[in-house]
Amino acid sequence: MDVAVLFDDRHITARLPENAQRMPLPKRINALVKLHGTPLMVISRQVLNQEYQRFRRLLPRVRLFYAIKANPHPDILSLLARLGSCFDVASVQETLAVLAAGATSERISYGNTIKKESEIAAAFKLSITQFA
């Protein structure tokens with residue numbers, strides 16, 4: 001079952017009636033479900049940015065690693081990469097997704113408890129040097 005992740009407010013409301021932002025939240029949700037079906041996940045780029053900045057402000061000496069298995073949507077990865085986030089990946093495919101999103105290899109930690117030698121070699125070829 002697919003989950004639609006609609007990532008910015010303009011995209012979310014593009015096909016909704018003009019007065020959608022003034023609609024009560026339950027009506028807005030129903031309108032989005034009619035357009036996109038279920039399950040539906042809506043994530044605000046602005047809120048994600050604000051929450052990341054809040055983490056950085058509250059934990060200034062900590063390198064934040066986003067575990068992409070939580071939600072590997074390319075828009076989320078791209079935004080977090082632009083903000084300077086580090087990433088925790090568990091496969092070569094996840095590594096490639098994070099690199100494609102704009103992260104650099106030194107911001108990636110390959111943290112799979114059962115790593116095949118071939119996967120370590122493939123990650124190393126992608127310049128990944130942090131392994132957990």
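This is a short talk on one protein chain and how its parts fit together.

Good morning, everyone. One caution before the tour: the model is predicted.

Let's take the overall layout. The protein chain has six helices and six strands. Follow the sequence and you read β-α-α-β-α-β-α-β-α-β-α-β. The chain has 132 residues, and 30% of them count as buried. Now think about contacts. Take those in the chain with a separation of 6 or more: 40% of them come from residues 24 or more positions apart. And the outside? The chain exposes about 8,700 Å², with carbon and sulfur atoms supplying 56% of that area.

Now helix H2. It covers residues 25-36, which makes twelve residues. From first C-alpha to last, H2 reaches 16 Å. That is close to the 16 Å expected at 1.5 Å a residue. What comes just after H2? Gly37, with a positive phi of about 80°.

On to helix H3, residues 45-58. How many salt bridges does the structure hold? One. Arg54 forms a salt bridge with Glu51, and their closest N and O atoms are 3.1 Å apart. Look at the spacing. Both residues sit in H3, three residues apart, so about one helical turn separates them. Are they buried or exposed? Neither label fits. Arg54 counts as partly exposed because its relative accessibility is 38%, in between the 20% and 50% cut-offs. Glu51 is partly exposed too, at 33%.

H3 also holds Phe55. This residue belongs to a nonpolar patch on the surface. Its partners are Leu58, Leu59 and Val62. Together the four have about 360 Å² of accessible area. Phe55 itself is partly exposed, with a relative accessible area of 44%.

Next, helix H4, residues 74-83. Which residues of H4 are buried? Ile76, Leu77, Leu79, Leu80 and Ala81. What covers them? The cover includes H3, S3, S4 and helix H5, which runs over residues 92-100. Right behind H4 comes Gly84, and its phi is positive, near 100°.

Stay in that stretch for Ser85. You will find Ser85 in the loop between H4 and strand S4. It is a loop residue, but is Ser85 buried or exposed? Ser85 counts as buried, because its relative accessibility is 2% and the cut-off for buried is under 20%. Now look at what Ser85 touches. Leave out residues up to four places away in sequence, and the list reads Tyr52, Leu64, Tyr66, Leu80 and Arg107. Leu80 we have just met, among the buried residues of H4. Tyr66 comes up again in a moment.

Time for the aromatic rings. A pair of aromatic rings is described by the distance of the centres and the angle of the planes. How many aromatic pairs does the count come to? Two.

Here is Tyr66 with Phe87. Their centres are 6.5 Å apart, with 90° between the planes, so this pair is edge-to-face, since angles over 60 degrees get that name. Tyr66 lies in strand S3, residues 65-67. Phe87 lies in strand S4, residues 86-89. The two are 21 residues apart, and the pair links distant parts of the chain. Phe87 counts as buried, at 0% relative accessibility.

Then there is Tyr110 with Phe131. Their ring centres are 5.8 Å apart. Their planes meet at 45°, so this pair is tilted. Tyr110 is in strand S5, residues 108-110, and Phe131 is in strand S6. So this pair ties together parts 21 residues apart in sequence. Now compare the surroundings. Tyr110 is buried, with a relative accessible area of 0%. Phe131 counts as partly exposed, at 31%.

One more stop: Ser127. This residue is in the loop between helix H6, residues 117-125, and strand S6, residues 130-131. Ser127 has a positive phi of about 75°, although it is not a glycine. Its relative accessible area is 42%, so Ser127 is partly exposed.

To finish, find two serines on the screen. Ser85 is buried, whereas Ser127 is partly exposed. Thank you.

Key
Residues numbered from 1 in each chain as written. Predicted model: local features only at pLDDT ≥ 70, side-chain atom pairs only at ≥ 80, totals over all residues. Heavy atoms only, no water. Helix = DSSP H or I, 4+ residues; strand = E, 2+ residues; numbered from the N terminus. Expected span 1.5 Å × (residues − 1). Buried < 20%, exposed > 50% of the residue type's maximum accessible area, 1.4 Å probe, protein only. Phe/Tyr/Trp six-rings, centres within 6.5 Å; stacked < 30°, edge-to-face > 60°. Patch = residues over 30% accessible without salt bridge, like charges linked within 9 Å, V, L, I, M, F, W, Y side chains within 5 Å. Areas by Shrake-Rupley, 256 points an atom, 1.4 Å probe, with all protein chains shown as cover. Salt bridge = Lys/Arg side-chain N within 4 Å of Asp/Glu carboxyl O. Contact = heavy atoms within 4.5 Å.
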